[in-house]
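I opened this model to look up a few positions and the packing around them. My entries follow in the order in which I worked.

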Amino acid sequence: MDQVDHILRQWHAERPDLDVVPMGLLGRLKRLTQHISQRTEAVLAEHGLTPADFDVLATLRRAGSPYTLTPSTLIAWTMVTSGTMTHRIDRLVKPGYVERIRNPEDGRGFQIRLTPQGLELIDEAVDSHVDNQHAMTRCLSDDERAELDRLLGKWLACFES
């Protein structure tokens, strides 16, 4: 029994005419998201990063060597506005984790590149992040994780296709 079960029992008692099955599913997802966010933020904070910082650094790292992307590509991959991305980049330039370099294909524009310090930081942070993700999903078997991933992917596709 979890907190959502208690809420659903109350609704069944007060409004037995309502089908609250989706409320249970969405309520559990919301509560899980809160737990996941808190634990993720704590792990990233150990590395001096916010989730927003991590998002930019991880996107550059995943891009592969030379770990360089245009701001517009970063915006597309992280799904934030131009102003938000500018702020994030500025925050990461200040401690020396990324740098702005002239775009060789367009001398008027810039690219964002991970510095050696930024590469070292994101590699350490992503190791901790993945360890944390394993810890958070440890209560599920391999088969359960695979099935949940499949179902969530199917559901997400309804919104993103």
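**Notebook: two threonines, a helix pair and a core**

I started with Thr40, which I found in helix H2, the helix that covers residues 21-45. The model is a predicted one, and I read every entry below with that in mind.

Is Thr40 buried or exposed? I noted a relative accessible area of 13% for Thr40, and because the cut-off for buried is under 20%, I entered Thr40 as buried. Setting aside residues up to four places away in sequence, I listed His129, Asn132 and Met136 as the residues that Thr40 touches.

I then turned to the record: UniProt, in an unreviewed entry, places the feature "domain: HTH marR-type" at residues 22-157. Over residues 22-157 I noted 69% helix and 12% strand, with the end C-alpha atoms 18 Å apart.

My next entry concerns Thr59, whose place is in helix H3. Thr59 is buried, and its relative accessible area came out at 0%. Which residues does Thr59 touch, not counting those up to four places away in sequence? I wrote down Leu69, Leu74, Trp77 and Thr78. I also looked up Thr59 against Gln10, and these two are 49 residues apart in sequence and 44 Å apart in space, taken from C-alpha to C-alpha.

That led me to the helix pair. The axes of H3 (residues 51-62) and H4 (residues 71-78) come within 10 Å and cross at roughly 110°. Angles from 65 to 115 degrees count as roughly perpendicular, so I described H3 as roughly perpendicular to H4. On the H3 side the contact is made by Asp55, Val56, Thr59, Leu60 and Arg62, and on the H4 side by Leu74, Trp77 and Thr78. Sorted by class, the contact of H3 with H4 has four nonpolar, two polar and two charged residues.

Last, I looked for the core. In soluble globular proteins, nonpolar side chains tend to be buried together. Here the largest nonpolar core has 21 residues, and those with the most contacts inside it are Leu49, Phe54, Leu57, Leu60, Leu74, Val98 and Leu114. Two or more residues of this core come from each of H3, helix H5 (82-93), strand S3 (106-114) and helix H6 (116-137). Which element gives the most to this core? I entered H3, with five residues. I closed with Leu60, which, leaving aside its neighbours within four places in sequence, is in contact with Tyr67, Thr68, Leu69, Leu74, Val98, Ile112 and Leu114.

Definitions and conventions: Residues numbered from 1 in each chain as written. Predicted model: local features only at pLDDT ≥ 70, side-chain atom pairs only at ≥ 80, totals over all residues. Heavy atoms only, no water. UniProt positions renumbered as here; feature names shortened; annotations may be inferred. Helix = DSSP H or I, 4+ residues; strand = E, 2+ residues; numbered from the N terminus. Axes fitted to C-alpha atoms, helices over the stretch in contact; angles between N-to-C directions. Parallel < 35°, antiparallel > 145°, perpendicular 65-115°, else oblique. Contact = heavy atoms within 4.5 Å. Nonpolar A, V, L, I, M, F, W, Y, C, P; charged D, E, K, R; others polar. Core = buried A, V, L, I, M, F, W, Y, C linked by side-chain atoms within 4.5 Å. Buried < 20%, exposed > 50% of the residue type's maximum accessible area, 1.4 Å probe, protein only.
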